[in-house]
Amino acid sequence: MALDSDVLWTAVALMLVFEGIFPFLSPDGWRNKMAQILALHDGQIRFFGLVCVVAGLLMLWWLG
């Protein structure tokens, strides 16, 4: 599979769809989760971000 700009824009579009589902279906639940995330320490947020990056890279490696 060639990695061109169409694939990149498709991935961005899918990310926007998935990111928008929860606030669309449950705005109050989304607001509560955002408040909980804001209460986390910087290190906890960085760790979560690192886990997401590693999981994404592993998925790309597995699919590639």
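Reader: What's the class make-up of the lining of the largest pocket?
Author: By class, that lining has 19 nonpolar, 2 polar and 1 charged residues. Bear in mind that this is a predicted model.

Reader: OK, and what volume does the largest pocket have?
Author: About 910 Å³. Of the 22 residues lining the pocket, Ala11, Met15, Gly56, Met59 and Leu60 are the closest to its centre.

Reader: Which helix gives the most to that lining?
Author: That's α1, with 9 residues. At least two lining residues come from each of α1, α2 and α3, the last of these spanning 42-63.

Reader: Switching topic: at what angle do α1 and α2 cross?
Author: Roughly 110°, and the axes of α1 (residues 5-25) and α2 (residues 27-38) come within 5 Å. Angles of 65 to 115 degrees count as roughly perpendicular, so α1 is roughly perpendicular to α2.

Reader: Which residues make the contact there?
Author: On the α1 side you have Phe22, Pro23, Phe24 and Leu25, and α2 brings Pro27, Gly29, Trp30 and Lys33. Sorted by class, this contact has 6 nonpolar, 1 polar and 1 charged residues.

Reader: Last thing, what's the mean pLDDT of the protein?
Author: The mean is 91, with 97% of the residues at 70 or more.

Reader: And which elements have the lowest and highest mean pLDDT?
Author: Among the elements of the protein, α1 has the lowest mean, 92, while α2 has the highest, 95.

Technical notes
Residues are numbered from 1 along each chain as its sequence is written. This is a predicted model: local features need pLDDT of at least 70, side-chain atom pairs count only at pLDDT 80 or more; totals for chains, interfaces and linings use all residues. Side-chain values use heavy atoms; hydrogens and water are left out. Axes are lines fitted to C-alpha atoms, for helices over the stretch in contact, and angles run from 0 to 180 degrees between N-to-C directions. Helices (H or I, at least four residues) and strands (E, at least two) are DSSP runs, numbered from the N terminus. Angles under 35 degrees count as roughly parallel, over 145 as roughly antiparallel, 65 to 115 as roughly perpendicular and the rest as oblique. Contact means heavy atoms within 4.5 Å. Ala, Val, Leu, Ile, Met, Phe, Trp, Tyr, Cys and Pro count as nonpolar, Asp, Glu, Lys and Arg as charged, and the others, Gly among them, as polar. On a 1 Å grid over the protein atoms alone, a cavity is a set of points where a 1.4 Å probe fits but cannot get out, and a pocket is an open set with protein on both sides within 12 Å along at least five of seven lines; lining residues have an atom within 4 Å of a point. Grid points are joined across faces, edges and corners, and a volume is the space filled by probe spheres set on the points. pLDDT is the predictor's confidence in each residue, from 0 to 100.
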